[in-house]
Amino acid sequence: MTDEQSNGAVAEAVAKTGAEETTVIDMDTKNNVAAAADTGESEAAKKGVQEAVVINALEGESAVTETAEATAMAATAATAATTATATAYAEEAAQSSRSSEPTQRTESAARLARPLIRLAKASGLATSFIDQLGTYTEISDEALIAVLKALDVDASTPEAVAQSIENLEAAERAQLLPPTVVAVVGKKTRIELNCASDADVNVSIRLEDGSAFTDFTVLPDFNADHPVLTLDADLPMGYHTLTVAVVAPDDALATTAPAATGTAAPDTRTGTAAIINAPARIPVPEAVQEHHRWGWMTQMYSVRSHESWGVGDYGDLKRMLADAAHKTGADFMLINPIHAGAPIPPLEPSPYLPESRRFLNVTYIRPQDIPEYATLSAEARAKVDALHAEVAHRNEESTPMDINAAWDAKRPALRLIFDAGRSAEREQAFEAFKAAAGPDLDSFATWCLCFELWGAPWGENRWFFEKTIDDPSVQGLVAAHHDLFEFNRWLQWIAAEQVTAAQQAAMEGGMTLGLMQDMAVGVHGLGADAWANPERFATGGVTVGCPPDFYNQQGQDWGQPPFNPRYLEATGYRVYREMVHSMYEHAGAVRIDHMLGLFRLWWIPQGLGARNGAYVMYNHEAMLGVLAIEATRAGGMVVGEDLGTVPDYVRQILAERGVLGTDVEWFSRENDSPNAGDPYKGPEEYRKQALASVTTHDLPPTAGYLTFEHVKLREELHLLSEPVEEFAAAAMAERTAMMNRLVENGYISQSVADDVPAHIQEIVEALHAMLTDTPSLLLQAALVDGVGETRSQNQPGTSSEYSNWRVPLADGEGHVVASGDVFDLPRVQSLAAVMRGDRK
């Protein structure tokens, strides 16, 4: 997520706990874990999740509540069973009880010898970790048992543990080769085959384009007692399929004795593996190598025009990208996630809690930009225009947007255009889109159909839990309402066309990267992805979150189902590949929220609470390989949100792979101090391999931050856990420290620092001028800082108390700023000149 640590929150936590380190408040959508592992490396809880995610994003629909109610009896029974099982381990666990020694950093030999611990580690679980305070922590037996169950590993009794260990060992012996092989372009790849070293094997490699690859050798390795398959270094980049078959000798087949004699049957196994052959490093585009590039960050939905339907849309995005390139010289624009949401109201405001990450948000479509709009009959066009008129006046309002009213007007307008039909050429393009999107598009459209006709899955209707996509009643629904099914597929096609057009406008305007898309950390637990393809996710109601940290001593549960790492591995990461590929079809860069999630995630068993979870490890090499392939093919870049307490080795791996990190001025204190008032880093200390910015979307715009809008808002919403005077004092200390840094480096004078309210624009521009002196490859300015906005887009820790993700773009006086005018504003032009380096 973005581990974007709210300065105010940091100050608040420091004032409250006096702790030595702090987390980042990732307020994008539930994402963040700070991970620690059983490696003994301290990597405290990466950030303090967006407290708003499960609250801010789910509570409005009561999704979490409804899910919990729906499975209450099962959860109670499961918890009771787990507790009973834990009791069965009590005597064993007592032998290696949790040490209270403050110096303990690793598990004892006695604990490591326990069968449950051995099983957990063999299944990819971390059985201990170092928490945010640097305290060694061991995962409880009941958490391990429950998380193992979510991976379909039975640890319910000591006997079950023994059997599961035996099953894992047997599966390992039976596996001829791993299901996923990660290779590096330009390097030979060695794959050990799990068969006799003198076995006769047939090997074939089918490349991504369907052709065969024959540059490989199979030689015995007598040291390992297994043959080794070596792929030559000229294997092309991409996703390939490896098939290996063991051929039994003719005499063995002829003389094989019955099993009763004790003679082993000949080995005739066949195995298939997906090869992910990725560049060792994502290449930096030539234009970025020449000098750092800069761009804008904006919440796309917040910037509207006369043609909008009350909410910013893909037409506004196209206009902004073109104007940002032509009028300000920007090279990219980072926007909020545009993943798919619900098909009908009520809509989820948070863009970080999508129903599917594979498809696009169709509520952002602009009907007037669809080619068929221009050829509508006079009657149909009049109806569309009348629907637009119902909500167009909202484009001039600076009050929170009504996203449901906007969609209530726009959706029937889109249906009118759909029903009007298409030319043969356009119909052919639509058919090609459906074929390329594959069965996942059909699954998503089916979920949308069920949602609209049977009701929201978090409502009283039980279809999400009681019916699968293959259920005859579901297929009957599709057949009976095929026009609505087709309409939902058509919406995805139109959305893809419009986002593609926006990216084309950016590149034609001279941008280096164009659109930078934001990938949310996960999906809604009752969304399309989880319903249509439950095998892709962990079973048993586990959700993702983070263990206790400074901001929540009970831990945090984001309410999202985690990907099943075994499924990903068994299928060659196809679902991840398709998701990343679909984003790069319309973008020159992708920002990955909560990058640490590619390494491990904190799984929380239902009924045990957020503090009683376990870390599950993921194959980061495979997922980084997918990112490298897709980014390289697109000539694009990857930005990983790595704010907060992240292990050094993770940042090192990301840097080695060419993934940019995230540096934010308000979070960048010397020695990574969490203490408000401690000195800020100078620009020379920022990372080169990073996207550097002044702020994030989880903080108020800089004009508001400098005037303590976050203090006022938190007090108004009763979010402070300490006297407001303490929080205000910490915020003042923080601002003073930043002013000191600006004065010391010559960006402002001391007189300006002494009178901040009278010099807001000058200070905002000085903060951005400091960015231009960093070595960071990419620099980012927030559009809200350009116009002088002071209101927050998102206030962590709230749901209905604040209008999260619905605040329209307005200037410091509250006047709405339109997408077609924003880059002509003198204040925006002035900030752009600073970012270009034209003036300091």
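Colleague: At the start of α14, which backbone nitrogen does a side-chain oxygen of aspartate 402 reach, and to within what distance?
Modeller: This is a predicted model, and the contact in question joins a side chain to the backbone at the start of α14. A side-chain oxygen of aspartate 402 approaches the backbone nitrogen of asparagine 404, to within 3.3 Å.

Colleague: What span does helix α14 reach from its first C-alpha to its last, and which residue with positive phi follows the helix?
Modeller: Helix α14 covers residues 403–419, 17 residues in total, and the span expected at 1.5 Å a residue is 24 Å. The span reached from the first C-alpha to the last is close to that expectation, at 24 Å. After α14 comes a residue with a positive phi, near 85°, and that residue is glycine 421.

Colleague: Against which helices do the buried residues of α14 pack?
Modeller: The buried residues of α14 include Trp407, Leu414, Ile417 and Phe418, and also Lys410 and Arg411. These buried residues of α14 pack against three partners, namely α13 (378–392), α16 (439–454) and α19 (482–508).

Colleague: How are phenylalanine 487 and tryptophan 490 arranged as an aromatic pair, and what is the angle between the planes?
Modeller: Because they are three residues apart in helix α19, phenylalanine 487 and tryptophan 490 are separated by about one helical turn. Both phenylalanine 487 and tryptophan 490 are buried. Their rings lie 5.9 Å apart, centre to centre, and the pair counts as stacked, since planes under 30 degrees apart are classed in that way. The angle between the planes of phenylalanine 487 and tryptophan 490 is 20°.

Colleague: In the open sheet of five strands, which are the edge strands?
Modeller: The five strands follow the order β4-β11-β10-β6-β7, with mixed pairing. Within this sheet, β6 (residues 200–206) and β10 (residues 238–247) pair in the antiparallel sense over seven bridges, and aspartate 200 stands opposite valine 247 in β10. The strands that each pair on one side only are the edge strands, β4 (180–184) and β7 (212–213).

Colleague: Which helix lies across β4, β10 and β11, and at about what angle to β11 does that helix run?
Modeller: The helix that lies across β4, β10 and β11 (270–278) is α23, made up of residues 620–634. Relative to β11, helix α23 runs at about 55°.

Colleague: Is methionine 595 buried or exposed, and what is its C-alpha to C-alpha distance from valine 659?
Modeller: Methionine 595 sits in the loop between β19 (589–592) and β20 (600–604). Because its relative accessible area is 1%, methionine 595 is buried. Methionine 595 and valine 659 are 64 residues apart in sequence, while their C-alpha to C-alpha distance in space is 9.9 Å.

Technical notes: Residues are numbered from 1 along each chain as its sequence is written. This is a predicted model: local features need pLDDT of at least 70, side-chain atom pairs count only at pLDDT 80 or more; totals for chains, interfaces and linings use all residues. Side-chain values use heavy atoms; hydrogens and water are left out. Helices (H or I, at least four residues) and strands (E, at least two) are DSSP runs, numbered from the N terminus. The expected span of a helix is 1.5 Å times one less than its number of residues. Buried means under 20% relative accessible area, exposed over 50%, partly exposed in between (1.4 Å probe, protein chains only). Contact means heavy atoms within 4.5 Å. A polar contact is a pair of N or O atoms within 3.5 Å; within protein, one must be able to donate a hydrogen and the other to accept it, and residues adjacent in sequence count only if both atoms are side-chain atoms. Two strands pair if DSSP finds at least two bridges between them. Axes are lines fitted to C-alpha atoms, for helices over the stretch in contact, and angles run from 0 to 180 degrees between N-to-C directions. Rings of Phe, Tyr and Trp (its six-membered ring) pair if their centres lie within 6.5 Å; planes under 30 degrees apart count as stacked, over 60 as edge-to-face and the rest as tilted.
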